[in-house]
Amino acid sequence: MNTRVKVALLWLLVPVSAIVLALVVSSLVLIIIGENPVSAFRSMASYGTQPNSLASMVNRAVPLYVAGLAVAIGFKMNLFNIGVEGQYRLAALLSAAAGAAVSLPAPLHIAFIMLVAMAVGAFWAGVAGVLRVKRGVHEVVSTIMLNFIATGLGAYLLANYLRKPRLPNELIIQTRPIPPSGGLPSLAVVGGEDLRSFLVIAIALGIVVYVLIWRTRFGYDLRATGINPEAARASGIDPNRMVVRTMLISGAIAGLIGMSDLFGFFHAYTLDFPTGLGFDGIAVALVGLNHPAGIAVAALLFGWVDRAAQILDLEGIPKEVIIITKGVIILSVVVAYEVVRRIVQAQEIKAAAEATRKLEAQKEAVAA
Amino acid sequence: MDERAPAVELKAITKTFPGVVANDDVNLTVMPGEIHAVVGENGAGKSTLMKILYGMIRPDGGTISVNGREIRFRSPKDAIASGIGMVHQHFMLATNLTVLENVVLGSEPTHGGVLDFDAARERIRDLSKTYGVPLDPDRIVEDLAVGERQRVEILKVLYRGARILILDEPTAVLVPQEVEELFRNLRDLKDRGVTIIFISHKLDEVLDIADSITVIRAGHTVATVKPQSVTARQLAELMVGSELPTPETRESTVTDEVMLSVRDVGVRVGERWTLQDVTFDIRRGEIVGIAGVEGNGQRELVDAIMGMRSPQQGSIHLGDADITRWSSRRRREAGIGYVPEDRQLRGLLLPSPLWENAMLGKQTMPPFSSGPWINRRGAHQRTDEVIHAYHVATPGPDTSAFALSGGNQQKLILGREMIAEPKVLIAAQPTRGIDVGAQAAVWEQIRRARAAGLALLLISADLEELIGLSDTLYVILRGALVAKLDPATVTPEELGSYMTGAREAASA
């Protein structure tokens with residue numbers, strides 16, 4: 001068999017083994033709590049494959065995908081941006097407020113809101129980047145702290161400055177609604193569920209990230225710094241500048257996480273705006289092996305599991321079981337990846353040793 | 001002759017790794033109470049042999065006997081139980097603990113389940129006295145000099161009851177004075193009946209300390225000789241199996257045009273000046289060699305020239321341009337190439353394919369990129385050129401760098417730097433750890449580049465290489481250039497005495 005095909009098949013083992021293992025462990029958990037795993041999975045499968053569920057899967061996957069991209073770009077440089085959570089929430093709040101404050105023609109309005117969101121996300125992440133470079137504060141520590149600050153700051157701003165004046169009997173706290181020119185129509189209606197059109201922007205973003213990391217000099221410098229900072233520095237890369245730039249880009253992407261929900265559903269930042277997407281993004285990036293295509297698969301998988309699990313409540317099964325499933329997927333991907341990586345490495349070493357022998361034989365033939 | 005059973009006897013040991021025979025029919029007889037050296041080139045199979053003897057690797061065939069009894073080791077534990085101890089080249093010490101704590105680590109003395117340090121302290125004092133290895137058990141390892149740390153390692157092994165010591169390249173990390181100290185310790189140990197197996201590739205040292213020398217080449221033991229009956233050169237020829245190539249550079253190609261000029265450069269690290277008042281020029285077609293014991297400022301000098309550390313004093317010029325404040329990247333683009341001394345740490349992206357390694361340091365230049373874009377096709381073509389011109393053994397440019405042997409990795413680095421036709425090349429230890437054939441090829445390429453006008457700064461621990469290749473030779477000691485010597489007349493011995501400071505600056 002062609003070695004390339006063989007290697008590709010080996011890599012395919014990673015997600016397959018992860019899903020199989022996740023099914024096995026979740027089944028065990030279901031059995032332990034006295035439920036029938038077969039019927040649980042069967043109802044998940046039938047509910048999860050209905051058209052409206054598939055649309056919902058994609059809608060759920062889009063923000064996860066963007067979050068995964070934001071985390072992955074940092075991971076590629078060994079930079080752990082744990083602050084994606086705070087970055088996107090602050091970005092969603094401020095861009096929603098800004099979007100409600102202006103009136104622009106439709107495409108410009110959307111672009112304006114996205115730009116504000118990216119700027120806020122980049123700024124919040126940039127703080128961590130500058131702290132790391134100037135003061136040696138590890139980005140894990142600073143971004144976690146910045147998450148807390150973002151939550152507090154966001155709540156304060158919303159409650160005191162950005163809140164829509166309340167109508168009588170209105171309970172919900174939210175920003176002023178963005179006018180229709182600042183919203184995106186749905187791409188299609190599938191089984192009664194809107195398929196949100198931010199999907200298109202997310203796909204484009206994934207392509208941009210791929211090109212940036214694998215096809216540009218900047219991406220080369222970024223990956224080189226992640227692999228071997230010492231060698232990167234010797235090659236002329238300024239590691240400090242790379243840290244700040246990568247944090248800015250990661251934060252800017254993080255700023256876009258909330259946009260699908262903002263443009264397609266909420267049209268304002270409300271107290272029930274989705275949270276936790278930044279942390280889910282870490283899991284998605286890990287499972288997707290930091291590659292835009294892998295992240296897409298991981299985001300769709302997580303989106304589907306979330307959606308399909310809704311049915312479990314109706315069956316009287318706690319849907320928290322699904323959190324265990326996700327955890328097992330993450331762990332087994334990390335382990336399976338390492339195992340496959342070693343196998344592939346051993347094959348490469350063998351091939352290189354073979355090439356050395358051939359070269360030696362050639363030399364001897366020439367000498368003889 | 002000797003009627004006693006050998007302390008260690010290896011017969012017909014064979015070990016194969018996928019694609020390589022690391023040991024093939026290796027025979028070694030070490031008598032009790034002798035210092036037995038095992039010498040060979042890097043990659044000859046010394047380490048594999050010692051790992052077999054210490055139970056870290058199991059041989060495919062052959063027998064091991066200790067004190068006349070045939071033994072099979074399943075793990076280092078078995079080796080330790082038979083009285084064999086290993087002092088690794090890279091120390092395995094917890095620097096924040098005391099000597100005492102480090103020595104007992106792994107075999108802690110207990111008294112009713114509680115650590116009993118007093119008993120251990122007594123034993124360590126006894127051992128130090130008996131074997132003449134002076135050490136205060138209560139000092140923190142962090143505060144110890146390298147030589148003293150090595151003594152901790154030796155003590156650790158003795159503490160576990162070893163009577164046969166394996167020392168893996170013990171002098172690699174020591175300065176000359178510490179080497180003497182170590183040799184005194186080793187002789188004391190020998191006088192007290194300890195058997196020592198000493199692995200090295202430094203022939204002078206081996207001739208100085210060993211009672212017998214076994215030479216290993218390409219996985220075979222080729223000869224066991226007495227130091228009195230061989231010269232260093234004969235020993236070297238046994239090691240490489242042929243007449244030694246010499247790194248001579250025939251006629252001079254030095255021109256008047258100064259390419260790199262280093263003026264009064266000083267580098268301070270913390271409170272200490274690690275580089276001081278260093279001044280020299282390299283002209284077109286000239287090779288300037290820097291000799292010195294490792295750690296005397298070579299690294300700081302390279303860093304200052306490459307822009308990875310800004311000097312607190314002095315200036316550096318490339319041609320007419322003052323590059324003292326330039327970034328590394330700008331210097332690279334202006335035509336300074338760099339072969340780092342530690343290729344894996346500073347020269348390679350191990351998990352990345354060769355073509356991405358071939359562009360490391362050249363990523364802003366054609367054919368590797370145009371504008372902000374990587375040129376994959378150009379990079380692949382250039383990598384193919386490097387692979388062919390420098391005989392890098394690899395299945396192709398998409399193979400990952402880690403899969404290559406050290407020699408091939410070095411060829412790739414040298415090739416990528418040379419093929420870009422730099423104006424100035426900073427080469428630190430360009431032939432370290434590569435086989436003799438590849439070494440000769442590297443020398444030939446350096447000579448050719450020099451003839452074509454390359455200005456080369458050569459930093460090397462190989463004195464023959466320095467003397468043979470350099471047009472001008474400086475000695476660096478404690479961060480200063482202490483002597484300027486004529487490579488045509490200087491001998492390695494003289495060079496050595498300048499390096500250790502035994503001889504003071506004459507013509508600097």
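Which strands of chain B does helix α5 lie across, and at about what angle does α5 run to β6(B)? The legends below take up this and other views of a predicted model.

**View 1. Helix α5 of chain B on strands β6 and β9.** Helix α5, formed by residues 146–159 of chain B, lies across β6 and β9 of that chain. Its direction is at about 165 degrees to β6(B). The two strands beneath this legend's helix are themselves paired: β6(B) and β9(B), the latter covering residues 164–168, run parallel and are joined by 4 bridges. Within this pair, Val87(B) stands opposite Leu167(B) of β9(B).

**View 2. The open six-stranded sheet of chain B.** The sheet has 6 strands in the order β6-β9-β10-β3-β11-β12 (chain B), and the pairing is mixed. At the edges stand β6 (84–87) and β12 (220–225) of chain B; each has a single partner strand, so one side of each is left without a neighbour in the sheet. On average, neighbouring strands of this sheet are turned by 20 degrees against each other, direction ignored.

**View 3. Helix α1 of chain B across five strands, β3, β6, β9, β10 and β11.** Helix α1 of chain B comprises residues 46–53. The strands that α1 lies across include β3 (35–39), β10 (195–200) and β11 (212–217) of chain B. Also among them are β6 and β9, and α1 runs at about 150 degrees to β9(B).

**View 4. Crossing of helices α3 and α12 in chain A.** Helix α3 (residues 51–75) and helix α12 (residues 277–287) of chain A have axes that come within 7 Å and cross at roughly 65 degrees. This angle makes α3(A) roughly perpendicular to α12(A). The crossing of α3(A) past α12(A) is right-handed. On the α3(A) side the contact is made by Pro63(A), Leu64(A), Ala67(A), Gly68(A), Ala70(A), Val71(A), Ala72(A) and Phe75(A). From α12(A) come Leu277(A), Gly278(A), Asp280(A), Gly281(A), Ile282(A), Val284(A) and Ala285(A).

**View 5. Chain B as the setting of the first three views.** Chain B has 17 helices and 24 strands. Its C-alpha trace spans about 70 × 50 × 50 Å along the principal axes. The radius of gyration of chain B is 25 Å, which agrees with the value near 23 Å for a compact globule of 508 residues. Of the 508 residues in chain B, 43% are buried. Among contacts in chain B between residues at least 6 apart in sequence, those joining residues at least 24 apart account for 68%.

Technical notes
Residues are numbered from 1 along each chain as its sequence is written. Chains are lettered from A and ligands numbered from 1 in the order in which they are written. This is a predicted model: local features need pLDDT of at least 70, side-chain atom pairs count only at pLDDT 80 or more; totals for chains, interfaces and linings use all residues. The radius of gyration is taken over C-alpha atoms; the globule rule is 2.2 Å times the number of residues to the power 0.38. A residue is buried if 20 or more other C-beta atoms lie within 10 Å of its own, exposed if 12 or fewer, and partly exposed in between; C-beta atoms are placed from the backbone. Two residues are in contact if their C-beta atoms, placed from the backbone, lie within 7 Å. Two strands pair if DSSP finds at least two bridges between them. Axes are lines fitted to C-alpha atoms, for helices over the stretch in contact, and angles run from 0 to 180 degrees between N-to-C directions. Angles under 35 degrees count as roughly parallel, over 145 as roughly antiparallel, 65 to 115 as roughly perpendicular and the rest as oblique. A crossing is left-handed if the near helix is turned anticlockwise from the far one by less than a right angle, and right-handed if clockwise.
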